[in-house]
Amino acid sequence: MKSTLWLALSLISSFLYAQDASEIIKKVDQKMRGNSSSSNMTMKIVRPDWSREISMKGWSLGTDFSLILITAPARDQGTAFLKRDKELWNWQPTIDRVVKLPPSMMTQSWMGSDFTNDDLVKESSIVNDYNHFIRGDTTITARDAWKIELIPKEGAPVVWGRILIYVSKADYIELLIKYYDEDEFLINTMILSDIREMGGRVIPARMDMIPAENPEYRTVIHYNDIQFDIGISEDFFSIQKMKRIR
Amino acid sequence: MMFKLAWRNIWRNKRRTIITIVSIAFAVILSSLMRSMQLGSYERMIDNSVRFYTGYIQIHKLGYWDEQVLDNAFYPPKGLQEQIESLDGVEAAVPRLESFALASFKTRSRGAMVIGIDPEKESHLTGVEHKITEGSKVGLNDPRVLMGSGLADYLNMKVGDTLVLISQGYHGVNAAGKYEVAGLVEFGLPQLTNQVVFMPLPAAQYFYGAEGLLTAMAVVTDQPKDVDDVREEILGDLDTTAYEVMGWKTMMPELIQGIEIDNISGIIMLLLLYLVIGFGMFGTFLMMTKERLYEFGVMLSVGMHRSRLQLLIFSEIVLLAILAVLAGFALSLPVINYFSRNPISLPEEYKTAFEKFDIEPIYAFSNEPIVFTSQAWVVFFMALVLSAYPLYKIWKIDPVTAMREGR
């Protein structure tokens, strides 16, 4: 009798906790993404003996639509990536071709960075494709934070076996994300920093992606400016638009 | 005196002498033709591969050979090309930037090896402009390409069509471009014809986002045998902590191994040939000894020392062998020379079979001096060994029976 009660209680509490964690993740996702947004970013690929910078503009609507336009260096200017739902399209102005990236290319590096094409497409599903659990409290860069574990739902089309997200309690900002594969090996670490107000929200302006395999490699994305709720519709995210946009 | 006697003896029976000379000379011709064909094929194989793939010597960034990726390209130090070309025994230094790309035309695509070349320098190495079967050559600042005819066939392309290339460039940059096909090229090695795209160096450097970079500087030497000396010289001038200088033997070990294996079977065939030739020569010596048995008997009876007689016969055989080998040279030289200039091209029906093995369907001949000298030595030596029979016979014969039997 007593044990049954305990079981019930612990079930309820874990259920409550889980609900709570999901709420947190939802807020985090909303915060970073907004309903729609447009931004100006610089991506820096850092290697032990060289580094390279790419400037780009990005637009997004909800979790399903986004468009990225490369603005520099000159040789890549005009190249665009369009994400519609789970599909990724690439426009190469130098060869006048639109290429739908095949599943086989999803695990390949995006623009030579530490991000994969898959990261561009799947990154958004942290809310719907995972079960969320709070795994304790920590302090990261002098901020109180929840440690939240994400376990993929059964049958969810995700590549990770487990994700750990450290979320700042004060403002629902991700501070550190660790990606693990199905065998519990750490694959990537993302550090979010330079937290400041942009486009009316307090968000991290800098993201560092570090592959566990090569700790001296990293890709840094820096937001130069960002606007939220800019009032664009799904029509904006079309292949025709991708070809024309400047 | 002995020499004079031997010389006169040889020409006493002209027919016998000529038969012997012809049999030895024929041996020399046969074995040198066979060896010449073998060595010639190897030379051709080496030349084909070396001239296409690598050049006799290559300079890379240290570590490029183990990991042949674009990220291991290097900025050639200023004046490197002139400096190398000024070395003794160097014909040319040929810059290269090579990597792989997806070649595409309309709905077809295939992996291709895209090689950035300096068309003018390249004529010292691959001689691309002489391999053009259709269309025209490209200039250094041309944005057009030459492609292997096999690749063009696969993609259903003609001269003047626009080839689309997609790849990942230096440091992972996005590489994509459209290029008009200026001409089609065909190489002896079908593997190349099926996958190669030649692009002028500046265009290739832009395509791969590798401005000013090379993956290799290939060095063409005046003579293949100069390779080691030239390599040493280059090593002396370069910073070896940043660059590696490799000879073709290091770069293409599988070619060397393939040749070694083939060479062994070639040598076995050659030994069999020697055996046949040896018996032929032995036959003529046997005949000579038998024919002259009476003469030997008389000589011994009149008091000639056996060892003197042996020496006389030995000198005769040496003289014969020298004459025969020289005759063999005289006859095989023009034949081999002719074939080394005009290799035997195989008829069409064999070509496809050869091409499956990536071998050029040609029998080439070598006119390296070693071909002749080695055969001459072997045949000469064989003649000496075989002379043991008449010498032994002289040692053993009894003058009386010899005179009776010989009659």
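## Chain A as a whole

Chain A is built from 3 helices and 13 strands, as read from a model that is predicted. The chain has 246 residues, and 48% of these count as buried. If one takes the contacts in chain A whose separation is 6 or more, 45% of them are between residues 24 or more positions apart. The accessible surface of the chain amounts to about 12400 Å², and carbon and sulfur atoms account for 52% of that area.

## A glutamine of chain A that meets chain B

A:Gln92 is placed in strand S5 of chain A, a strand that covers residues 87-92. Is this residue, A:Gln92, buried or exposed? A:Gln92 counts as buried because its relative accessible area is 5%, which falls under the 20% limit used for that word.

The side chain of A:Gln92 takes part in a polar contact with the side chain of A:Asn90, at 3.1 Å, and it also makes a polar contact with the side chain of B:Asn174, again listed at 3.1 Å. When residues up to four places away in sequence are left out, A:Gln92 touches A:Thr79 and A:Arg97 in chain A, together with B:Asn174 and B:Ala176 in chain B.

## A buried arginine in chain B

B:Arg35 belongs to helix H2 of chain B, which runs over residues 14-54. This arginine is buried and yet has no salt bridge. Which side chain of opposite charge is nearest to B:Arg35? The nearest is that of B:Asp262, and it is 7.7 Å away, whereas a salt bridge would require the charged atoms to be within 4 Å.

B:Arg35 does have a polar partner, since its side chain is joined to the side chain of B:Gln38 by a polar contact of 2.4 Å. Apart from neighbours within four places in sequence, the residues in contact with B:Arg35 are B:Asn263, B:Ile267, B:Leu270 and B:Gln375.

## A nonpolar patch on chain B

Seven names make up a nonpolar surface patch of about 740 Å², namely B:Ile264, B:Ile268, B:Met269, B:Leu272, B:Leu275, B:Val276 and B:Phe279. One of them, B:Ile268, is situated in helix H10 of chain B, which spans residues 253-291. B:Ile268 counts as partly exposed because its relative accessibility is 48%, a value that lies between the 20% and 50% limits.

## Backbone features in the loops

Most residues other than glycine have a negative phi, and most peptide bonds are trans. Against that background, some places in this model deserve a careful look.

In chain A, the peptide bond that leads from A:Ala72 to A:Pro73 is cis, with omega near 0°. A:Pro73 is found in the loop that connects strand S3 (65-72) with strand S4 (80-84).

In chain B, B:Lys106 is not a glycine and nevertheless has a positive phi of about 50°. This lysine lies in the loop between strand S2 (90-105) and strand S3 (108-117) of chain B, and B:Lys106 counts as exposed because its relative accessibility is 65%. B:His171, also a residue other than glycine, has a positive phi near 55°, and its place is in the loop between strand S6 (162-168) and strand S7 (174-185) of chain B. B:His171 counts as buried because its relative accessible area is 11%.

Methods: Residues are numbered from 1 along each chain as its sequence is written. Chains are lettered from A and ligands numbered from 1 in the order in which they are written. This is a predicted model: local features need pLDDT of at least 70, side-chain atom pairs count only at pLDDT 80 or more; totals for chains, interfaces and linings use all residues. Side-chain values use heavy atoms; hydrogens and water are left out. Patches are made of residues with over 30% relative accessible area and no salt bridge: like charges are joined within 9 Å, nonpolar side chains (Val, Leu, Ile, Met, Phe, Trp, Tyr) within 5 Å. Accessible areas come from the Shrake-Rupley method with a 1.4 Å probe; for residues, only the protein chains shown count as cover. Helices (H or I, at least four residues) and strands (E, at least two) are DSSP runs, numbered from the N terminus. Buried means under 20% relative accessible area, exposed over 50%, partly exposed in between (1.4 Å probe, protein chains only). Lys and Arg count as positive and Asp and Glu as negative; His and the chain ends are not counted. A polar contact is a pair of N or O atoms within 3.5 Å; within protein, one must be able to donate a hydrogen and the other to accept it, and residues adjacent in sequence count only if both atoms are side-chain atoms. Contact means heavy atoms within 4.5 Å.
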